Amino acid sequence: MTNIGRMFSNVSPARQKLLIRLSILLNLCLLLYLSLSAGWNMTASSSAPSLPYSRDILNQYFEKSPPTQESLSDLKPPAHPLQSQIPPIQSPSSPTQLLLASKTFSISDSVECFNKPTNFSQGMRGKYWVLYNYIRAGKHFHCNQTITYTTHGDFTFLDNLEPLLDRWRGPISVAVYAPGSDLEDSIDAILYYRDCTNSSLVRDLATFHIYFDLSHIPAQVPRQDSLLHKRPNCQLPEGLTETVTYKKKLGLVYPVNVARNVARESAATHFVFPSDIELYPSPNLIPDFLEMIRRNDKKLTKSQPRVFVNSIFEIAANHSLPNTKTELIKLMKSNTVIPFHKNVCPQCHKIPHSKEWLEAAVKPGLDVLHVGKRIKPFQHWEPIYIGTNQEPSYDERLSWEGRSDKMAQGYKLCLKNYQFHILDNAFLIHRPGIKTKKTLHSAINLKKISSQNELLKKTIFPEIKKLYGVRKGCEMF
């Protein structure tokens, strides 16, 4: 008798019947599972492909590939590796790569940072939908190698990128507002400036993020990996020849602080430089700044938070930009260059020790000339500075049309007792053309300004005091 026979001979007939029934039931369950699994595989393999999207403006400029029409929820990051990376860094797409991306990099003896992924992603941000890293720069850098200039605008401002990058020579993170049909024109403009300008600066260094209102979702949102095919020609896109945008037609406000936060948070470097797209930095700022950080490492280990301020100026129309502080001062003596917003809002950009800044001897490299605070008489100061993502975010309820959109962030910096280290040789110069109250009058919307002031005074100001406390000398209004 076999072992199985002997085993069953010791089991009562009633239990034998029960075991047989259980065996039959388990076999039936297994067969049902295998049938369902096969059915799912057949359904998945026979699903119909998505229809190609038809976009006349884009198709004028791009070679057609098999792009698909997808809903917002269907968009996924590209599976292919990043292109033309110098140095060769890949965004992590596996646990091993993610671990490598988490390696610590040293900026100085006391400052370290981590690389972070720059993959495409998307998501809701308040009442807006954001496509992060929608069109990425060709070159990528470790977090300690450089500084990211973070900025924003709609597609009509992208002509500033090449002259800005010609002076910056480092990565730039750009948030582009593109509601409704402005998305088509925005993609068109981005690829035009990537492929058809006098250099490869935009292609190599600019990463673009797109955002739009959930109440103004574009008719179609192309996959980001379908956009980077070679353009057959470089005719000026239609959108750049027309002045009326979708935003302007519908009277939408520009959510400037959403853009500022998206661009800054998406930067891959430790140091960031949040600024406006029409402000061009002085050349060699990146290497001079990083060398200054390494040189002054012990001084910067103090616990008090700090940012590094650039002086800002305007220059007359049709005039070439100064490359050095010496050239800048010479142009100031002839009134070709003036302090930023001198004719519009002088207190907004009145920098502490501005007179000493102009009179200080020009030395090679970069250093801190003075340390200022955002207290009287500079309580309305709106500094533009190099910092990190540790600084408070901008309040996304504030629009550009309502004005005073950076006041809340400046007030938070004061409450947190930030030091403003004023750099001796670094400066920003606005796109040529000096602003006056008369030229800005057409852009002023008194109703929106009044409404935003009400929001600041009755809602945001009390919130900040509760969250950050109070500090003597700090004012918001």
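1. A residue is called partly exposed when its relative accessible area falls between the buried class, under 20%, and the exposed class, over 50%. By that criterion Arg294, with a relative accessible area of 41%, is partly exposed. The model is a predicted one, and the remarks below should be read as comments on that model.

2. Arg294 is joined to Glu291 by a salt bridge, with an N to O separation of 3.9 Å; the cut-off for calling such a pair a salt bridge is 4 Å. Glu291 is likewise partly exposed, at 36% relative accessible area. The two residues stand three places apart in helix H10 (residues 285-295), and are therefore separated by about one helical turn. In general, an α-helix has 3.6 residues a turn, so residues three or four places apart point the same way.

3. A second pair within one helix is Lys458 and Glu454, whose side chains meet in a salt bridge at 2.8 Å, N to O. Both residues belong to helix H15 (residues 446-468), where they lie four residues apart, or about one turn of the helix. Lys458 is exposed, its relative accessible area being 60%, while Glu454 is partly exposed at 39%.

4. A network of salt bridges with shared partners joins Arg125, Glu265 and Glu396. Within this network, the closest N and O atoms of Glu265 and Arg125 are 2.9 Å apart. Glu265 is in helix H9 (residues 256-265) and Arg125 is in strand E3 (residues 121-125), so the pair ties together parts that are 140 residues apart in sequence. Arg125 is buried, with 15% relative accessibility, whereas Glu265 is partly exposed at 31%. For the structure as a whole, the number of salt bridges is 15.

5. The surroundings of Glu265 deserve a remark, since helix H9 is mostly covered, with nine of its ten residues buried. The buried residues of H9 include Val256, Val258, Val262 and Ala263, and also the charged or polar Asn257, Arg260, Asn261 and Arg264.

6. Which side chain of opposite charge is nearest to Arg194, and how far away is it? The nearest is that of Asp195, 4.6 Å away, and Arg194 has no salt bridge although it is buried. Arg194 is placed in helix H6 (residues 182-195), and its side chain reaches the backbone oxygen of Arg136 at 3.2 Å. Leaving aside residues up to four places away in sequence, Arg194 touches Ile135, Arg136, Val202, Arg203 and Leu228.

7. Asp204, in helix H7 (residues 201-205), counts as buried at 16% relative accessibility. Its side chain is joined to that of Ser200 by a polar contact of 2.8 Å. With residues up to four places away in sequence not counted, Asp204 touches Ala137, Gly138 and Lys139. The C-alpha atoms of Asp204 and His140 are separated by 8.4 Å, although these residues are 64 residues apart along the chain.

8. At the surface, Leu18, Leu19, Leu22 and Leu25 make a nonpolar patch of about 370 Å². Leu22, one of these residues, lies in helix H2 (residues 13-45) and is partly exposed, with a relative accessible area of 44%. Membership of such a patch requires over 30% relative accessible area, and the value of 44% for Leu22 is consistent with that requirement.

Note on methods. Residues are numbered from 1 along each chain as its sequence is written. This is a predicted model: local features need pLDDT of at least 70, side-chain atom pairs count only at pLDDT 80 or more; totals for chains, interfaces and linings use all residues. Side-chain values use heavy atoms; hydrogens and water are left out. Patches are made of residues with over 30% relative accessible area and no salt bridge: like charges are joined within 9 Å, nonpolar side chains (Val, Leu, Ile, Met, Phe, Trp, Tyr) within 5 Å. Accessible areas come from the Shrake-Rupley method with a 1.4 Å probe; for residues, only the protein chains shown count as cover. Buried means under 20% relative accessible area, exposed over 50%, partly exposed in between (1.4 Å probe, protein chains only). Lys and Arg count as positive and Asp and Glu as negative; His and the chain ends are not counted. A polar contact is a pair of N or O atoms within 3.5 Å; within protein, one must be able to donate a hydrogen and the other to accept it, and residues adjacent in sequence count only if both atoms are side-chain atoms. Contact means heavy atoms within 4.5 Å.
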